[in-house]
Every structure is written in structure tokens, then in C-alpha cells.
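Here are some notes to read alongside the model, for someone opening it for the first time. Take them point by point with the structure on screen.

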Amino acid sequence: MPSNCLTTSSVGGLPARRGKVRDLYDLSPGDPAGPLLLVATDRISAFDWVLPTGIPDKGRVLTQASRFWFDRLASLPGAATPHHLITTDVAAMDLPAGADRRALAGRAMLCRKARVAPFECVVRGYLSGSGWQEYRQSGAVCGVALPPGLRESDHLPEPIFTPATKAEQGDHDQNVPFDRMVNDLGSGLAGELRDRSLAIYQAGARHAASRGILLADTKLEFGHDAASGELLLIDEVMTPDSSRYWPADQYQPGRGQPSFDKQYVRDWLLASDWDRRSEPPALPDDVVAKTRAKYIEALERLTGQAFAWR
């Protein structure tokens, strides 16, 4: 594994909650006003499996993309959104003795604690993925009726909000109608989550378009500040892991699109003899290199800045 690939983090012996990509550390157990540390590793998942091979610097790309969007959205007209990020400056963080700050550099976010809303807030501007499959069966996505005759990857007349229930690790999130969210959370909070999500997507899509990229869809998460109760945008935001980004100059509706994410990984796995029920195989070097390059290209085009860890 290359030296710039981190698949499992360690922070001064603290216990970690490990997701598919991120490791979470509570730096102040029992204190709702204390911070959390989120470390984006270089793990990569596909078809609900975490693969044995990491993608070097992937976690740094995700962290830098999230920081870019958190900063931009905090004051953007029409989409101003408070968020949980405190800092990504590892040198300024109060970490336990023994924490490897060099390994954490570029991939760690110090964040406010939040009570997570139990829904993924998905916004779609194009018809792709599970939305395309659902449309083919019913002519609607999450109960939102769409015009007949749409093709795969077609641009929708307007963005649609299609929430999903948060699944346990290893399971699929389940698309649900907005009414389900209203029933579980109440009309006030559900409406606020929908409106904020749509505004964030539209702001992101406008910026991405100015950089020659189409933001096909994105998945957002929100939570209430554990101390103040303020509703915050949390986790990651409009990264290549949580969003479908397409190069605008290659866009051709009626088929799947080339994208700035784990496409090389999925394509290689689909072409392999892996049965998706047993442990996945290791990725070859060329697939790792091409996937890393796509993640970095997405970041550099969105931010207009060179990736610092080349």
C-alpha cells in the first residue's frame, strides 16, 4: 500500500466509530458542547462492500471538497447554511498525546456534535441511478411524478427532493416518499430539510456548471447541534462520494455518463468474476491510479486550486 494511503486511522488510542470511509472520534465524551473529530480515510466501497484496496489521498480529496463547500455555503445568497465544521487545520486542534498529526493532515475535520436527522436528503437534477430504475417501473421517483418518455440521464424539468431512510452499514438506503419524512419528523422540520437541500443543490449545480461539470444529484445530511439545537449541515457535502458529477462536454442523455467518482472501480468489479456475496478482490494498480486521478480532477476543477498532496 502506498505511503500516502491511509485505510485505518488512529488518534492517541481513542476508540473510533468506523463507517465505510470515515472514522469518528469523540474528543470530549459526555460533553454535548465538545468537538468530534472526523477522519476521512482512503477506504472505498462498492456494491455495499468496503474493498480491501484503498485509493491513495481519497480521504484528503473528500475533506478538501467538503471544506470548500462548507465555506462557500455558509454565506452564499439563497443557500446560506450553518454547518458543523470548526476547522480542518490539524495544527490548531487539541488532540490527544500521540496523535499522528502528519497522517491526519488534510483529511481531518474538527466538528460540532449533532443529533443526526434519520434521513438522507437526496436532490436529483438528472435521471440516473436508483431514480432511473424507479422511473422505469412507475414513472415517478419517491412519489414525485415525472413526465413520460424521459431517458436515462435526462435533465429533469426542475430538481426534485427524494429522501431516503438511513440504512445500517452493509444495507441499501431506501428511497421513500416525502410524506414518510413528514410523518416521522413533522411537517416543519421535513419542509425545512427539503427547502435547504434544494437550495444547496441549486447553488452547487450553478457553481459546478461554471467549471464545466454537471451535478447530477447529491446526498446531504443534517443534524441538530447537540448543545444549542441549531439545525446544521453535517458529514460531507457535495463530494465525489456523495454526489454524481459528470463532465459537461461529454454529456449525452440516453445512456449512463462518465463520472468523477468510483466508476473505474465499479466497471472493473462488474467485469470480474466476483459474485458480490463473498469478500471482494483487491484492485489492480491501474484501476487505483485512474480512480485517484478522477477524484483529484473533480476537486481541482470545482475549487480552481491544485491538489496540495500530489
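1. Start with Asp-57, which sits in the loop between strand S5 (49-50) and H1. This is a predicted model, so read what follows with that in mind. Is Asp-57 buried or exposed? Asp-57 is buried, with a relative accessible area of 0%. Its backbone is worth a look too: phi is near 70 degrees, a positive value in a residue other than glycine. Most residues other than glycine have a negative phi.

2. Which side chain has a polar atom 3.4 Å from the backbone nitrogen of Asp-57? That side chain belongs to Asp-42. You'll find Asp-42 in the loop between strand S3 (35-40) and strand S4 (45-46). Asp-42 is buried as well, again with a relative accessible area of 0%. Not counting residues up to four places away in sequence, Asp-42 touches a run of residues from Gly-54 through Ile-55, Pro-56, Asp-57, Lys-58 and Gly-59 to Arg-60, and its other contacts include Asn-4, Cys-5, Leu-6 and Thr-7. For a sense of scale, the C-alpha atoms of Asp-42 and Gln-133 are separated by 30 Å, and the two residues are 91 apart along the chain.

3. Now swing over to Arg-107, in the loop between helix H2 (101-104) and strand S7 (108-112). The side chain of Arg-107 makes a polar contact with the side chain of Asp-42, at 3.0 Å. Arg-107 is buried, with a relative accessible area of 2%. Leaving aside neighbours within four places in sequence, Arg-107 is in contact with Asp-57 too, and with others including Leu-38, Val-39, Ala-40, Thr-41 and Thr-63. So Asp-42 is a handy place to centre the view, because its buried side chain has a polar atom 3.4 Å from the backbone nitrogen of Asp-57 and makes a polar contact with Arg-107.

4. Next comes helix H1, residues 58-73. Its 16 residues reach 22 Å from the first C-alpha to the last, close to the 22 Å expected at 1.5 Å a residue. How many of the 16 residues of H1 are buried? The count is 13, so H1 is largely enclosed by the rest of the structure.

5. The nonpolar interior is next. In soluble globular proteins, nonpolar side chains tend to be buried together. Here the largest nonpolar core has 42 residues, and those with the most contacts inside it are Trp-69, Leu-73, Phe-222, Leu-233, Val-237, Met-238 and Tyr-245. H5 gives the most to this core, with eight residues. A second, separate core of 18 residues includes Val-21, Leu-51, Ile-55 and Val-61. For a close-up of the 42-residue core, try Val-237: beyond residues up to four places away in sequence, Val-237 touches Ala-65, Ser-66, Trp-69, Phe-70, Leu-73, Leu-220 and Ser-242.

6. Helix H5 itself covers residues 187-210. With 24 residues, H5 reaches 35 Å from its first C-alpha to its last, close to the 34 Å expected at 1.5 Å a residue. After H5 comes Gly-212, whose phi is positive, near 80 degrees.

7. Cys-142 is one more residue to check for its backbone. Phi of Cys-142 is near 55 degrees, a positive value in a residue other than glycine. Cys-142 lies in the loop between strand S10 (140-141) and strand S11 (144-145), and is buried, with a relative accessible area of 5%.

8. Finally, the aromatic rings. The count comes to nine aromatic pairs. One of them is Trp-132 with Tyr-135, a stacked pair at 6.2 Å centre to centre, with 25 degrees between the planes. Both sit in helix H3 (residues 129-138), three residues apart, so about one helical turn separates them. Trp-132 and Tyr-135 are both buried. By contrast, Phe-307 and Trp-309 form a tilted pair, because their planes are at 50 degrees, with ring centres 5.9 Å apart. Phe-307 is buried, at 5% relative accessible area, while Trp-309 is partly exposed, at 30%.

9. One last stop is the aromatic cluster formed by Phe-47, Trp-49 and Trp-274. Which residue lies over the face of Phe-47? Arg-276 does, at 4.1 Å from the ring centre.

Terms used. Residues are numbered from 1 along each chain as its sequence is written. Side-chain values use heavy atoms; hydrogens and water are left out. Rings of Phe, Tyr and Trp (its six-membered ring) pair if their centres lie within 6.5 Å; planes under 30 degrees apart count as stacked, over 60 as edge-to-face and the rest as tilted. Helices (H or I, at least four residues) and strands (E, at least two) are DSSP runs, numbered from the N terminus. Buried means under 20% relative accessible area, exposed over 50%, partly exposed in between (1.4 Å probe, protein chains only). A charge sits over a ring if NZ of Lys or CZ of Arg is within 6 Å of the ring centre and within 35 degrees of the ring normal. A polar contact is a pair of N or O atoms within 3.5 Å; within protein, one must be able to donate a hydrogen and the other to accept it, and residues adjacent in sequence count only if both atoms are side-chain atoms. Contact means heavy atoms within 4.5 Å. The expected span of a helix is 1.5 Å times one less than its number of residues. A nonpolar core is a set of buried Ala, Val, Leu, Ile, Met, Phe, Trp, Tyr and Cys residues joined through side-chain atoms within 4.5 Å.
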